[in-house]
Amino acid sequence: MGRSVGMIWLPILLLLLLGSGRASNNLIGIGSYDITGPAADVNMMGYANMDQVASGVHFRLRARAFIVAEPQGKRVLFVNLDACMASQLVTIKVLERLKVRYGDLYTEKNVAISGIHTHAGPGGYLQYIVYIVTSLGFVRQSFDALVDGIEQTIIQAHNNIRPGSVYVNKGELLDAGINRSPSAYLNNPAAERSKYKYDVDKEMTLLKFVDNEWGPVGSFNWFATHGTSMSRTNALISGDNKGAAARFMEDWFDQKNGGSISSDISEPNGIPRRVSNIIPIVNDNHHELLELAASFESSPGKSTTRFLSLSRRVRSILRQADRPKFVSAFCQTNCGDVSPNVLGAFCIDTGIPCDFNHSTCDGKNELCYGRGPGYPDEFESTRIIGQRQFKKAVELFSAASEKLNGKIDYIHTYVDFSNLDVTIPKEGGGTTTVKTCPAAMGFAFAAGTTDGPGAFDFKQGDDQGNAFWRLVRNLLKTPTKEQADCQQPKPILLDTGEMKQPYDWAPSILPVQILRIGQMVILSVPGEFTTMAGRRLRDAVKKALTSGSSKEFGNNTHVVIAGLTNTYSQYVTTYEEYQMQRYEGASTLYGPHTLSAYIQVFQKLATALITGKPVEPGPQPPDLLDKQISLLTPVVMDATPFGTQFGDMKVDVPKNTTFRRGDNVTVTFWSACPRNDLMTEGTFALVEILWGKGTWEPAYDDDDFCLRFIWSRPSKLSTRSYATIQWIVPQTAAAGVYRIRHFGASKSLLGTIKHFKGTSSAFVVA
């Protein structure tokens, strides 16, 4: 009897032991929240184009976060933003809130906040003057949307912490980026270039987060390509190609795991279908559908509450299940010289390729533009580059099997890059000491890039400058001889590091950080490293981690760069690329030895991470919130013509209209300024489908790639405004009866905010 019992319990004990071996010793948490800023009047961040002012929404922006923690030990928190870059001021204020809420659980040491580098988000949220000139100074609404949204994202991730595992996978993506400064890349040593097959990094690194109970709950990946598929003339808020990829992958997962609609990523356009899974199959009798649609005419604009916009969203947080919502983030890495405009750069007047060295057309930079794969349609280019990243991420996600095991750790310091001693090797052996410089931007900075050329007579590759612009520069600040010599061969256009009035024009103190999750380390860098600069940094850190006596890191060590993280300080090129003074070199603020300085600092941090020795915290960056100046005028009031109300139709769909897939359904409502209410976690635009004969269900909203909310005024100072909503009917849209709705908020002369809604006539999609 005793022997029989023993035989029964033996396999059970073995199963328990095996099961405990598979179970993770870590905790994971995932979160996501809306960070869409003002969709009107605010200059967009990225192209520095004064005429690029937000006038609607292509799709909403989000913050996405992951936490990985040891049950009784350390933890790391990474936040990815659908924003151009991180902001030192945003980081400071988020950390202050986390301090109040969680004590010392989340600090500057273990929190990384990174931007995807979309050039289609509202600006005005950085604290240094050079980055907020085109936005007419600081924009509090942009800033608050980010700080509030990041905080809510972190709260979600923290509240979702549960036992789970993290897996890593890597793979090549060949057709989502090209080098936009190949002449600078070619100045790197031939022996170094020969080690690499391509002149840009083609590798995507993906983390897969698996909850012990629920299974996969998220994925974050890093891949180098600029957020410049949307052009410098685009006026709609958009997450660009990386934001689009994130939307596609989250929809793919949700529909694959519980939705009743096809999740095949090879279906038309490669975009998952975005119709609520509760929508039934409707009667496909065309005549009956037309009669049904005719019974639903447009209704006058009506007062409503903000809650309706929130509750009617397809992805409403009010309708989420009891399991964690799947979150997918497409993060940025060393994208400095990588363009998503993969067809190359051409002259818009002649159609011939631009000059190789200077990216000009007959000497003019303004005519040289890169072409995306959907040229001339920037929305299509955004979709294609987003889809390519999405498909690769799905492939890596589905095959991820290498589990991250080992310590959770982090290390962080602040470094003053304006006057740093850097030890570099000398030719023929030995070392020498050089210095970094106070920040300065060269003449070629003003030339822009092939993704977004500048103006006037600037050009890339200019290492001389010209007399006229030197006179203009000297009105602001004349560089000292020491500064000019330090920055050589860069001719200084703006001596931003030495410009302090009315407050700092550029950063000098920068955060440098390493996050560790087992055999993977994330290098948080506050700028845009070029391809070769990123390769040198990764190699140096990996060597520091694996060459010592410690056996913590081996050949399977994964090193990834998280670009544009915690603050922003423009570009980092190699020394050789800097000599060419293309846009990236002219925007490398701290002189020709900037990359060597970063490598020196990161090697010290990597060594300290292994040995456990503490590092000095370094000098604190300034908090300049109280010094910010804003010249953006507030919304005074909104009005409609006599006899009309907010939400009334201005242009309705034609009666008895049938639309086909691929058609553009366009309606226009009398509206009000979107700055009155950002509709956070809500929607300005909504497409509904008829269920049965009287119930309308949400089908597409602000989160969908196919729906565009376009806001306009008849004149700049007018109190009247319109909301034009365009729905490009997806190839996967269900046949049926649809209508379009608009939600907004108006402001009276006394400052009262009132919410309204408008509804179009119904129409048929067949």
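Trainee: Which residues make the contact between α2 and α3?

Mentor: In this predicted model, L89, V90, K93, V94, R97, L98, R101 and Y102 of α2 meet F143, L146, V147, D148, I150, E151, I154, I155 and H158 of α3. By class, these residues divide into 11 nonpolar, 1 polar and 5 charged.

Trainee: What makes α2 oblique to α3?

Mentor: Helix α2 (residues 88-102) and helix α3 (residues 140-159) pack at an angle of about 40°, and their axes lie 10 Å apart. Angles under 35 degrees count as roughly parallel, and 65 to 115 as roughly perpendicular. The angle of about 40° belongs to neither class, so α2 is called oblique to α3. The crossing of the two helices is right-handed.

Trainee: Why is strand β31 called largely enclosed by the rest of the structure?

Mentor: A residue is buried when its relative accessible area is under 20%. In β31 (residues 685-691), 6 of the 7 residues are buried, so the strand is largely enclosed.

Trainee: How do you know that β31 pairs with β35 and with β32?

Mentor: Pairing requires at least two bridges between the strands. Strand β35 (residues 736-747) shares 5 bridges with β31, in the antiparallel sense. Strand β32 (residues 695-701) is joined to β31 by 6 bridges, again antiparallel. Both counts satisfy the requirement, so both are pairs.

Trainee: Which residues stand opposite V687 in β35 and β32?

Mentor: V687 stands opposite I740 in β35, and its bridge partner in β32 is Y700. The hairpin of β31 and β32 has 3 residues between the strands, and G692 takes a positive phi near 70° there.

Methods: Residues are numbered from 1 along each chain as its sequence is written. This is a predicted model: local features need pLDDT of at least 70, side-chain atom pairs count only at pLDDT 80 or more; totals for chains, interfaces and linings use all residues. Side-chain values use heavy atoms; hydrogens and water are left out. Buried means under 20% relative accessible area, exposed over 50%, partly exposed in between (1.4 Å probe, protein chains only). Helices (H or I, at least four residues) and strands (E, at least two) are DSSP runs, numbered from the N terminus. Axes are lines fitted to C-alpha atoms, for helices over the stretch in contact, and angles run from 0 to 180 degrees between N-to-C directions. Angles under 35 degrees count as roughly parallel, over 145 as roughly antiparallel, 65 to 115 as roughly perpendicular and the rest as oblique. A crossing is left-handed if the near helix is turned anticlockwise from the far one by less than a right angle, and right-handed if clockwise. Contact means heavy atoms within 4.5 Å. Ala, Val, Leu, Ile, Met, Phe, Trp, Tyr, Cys and Pro count as nonpolar, Asp, Glu, Lys and Arg as charged, and the others, Gly among them, as polar.
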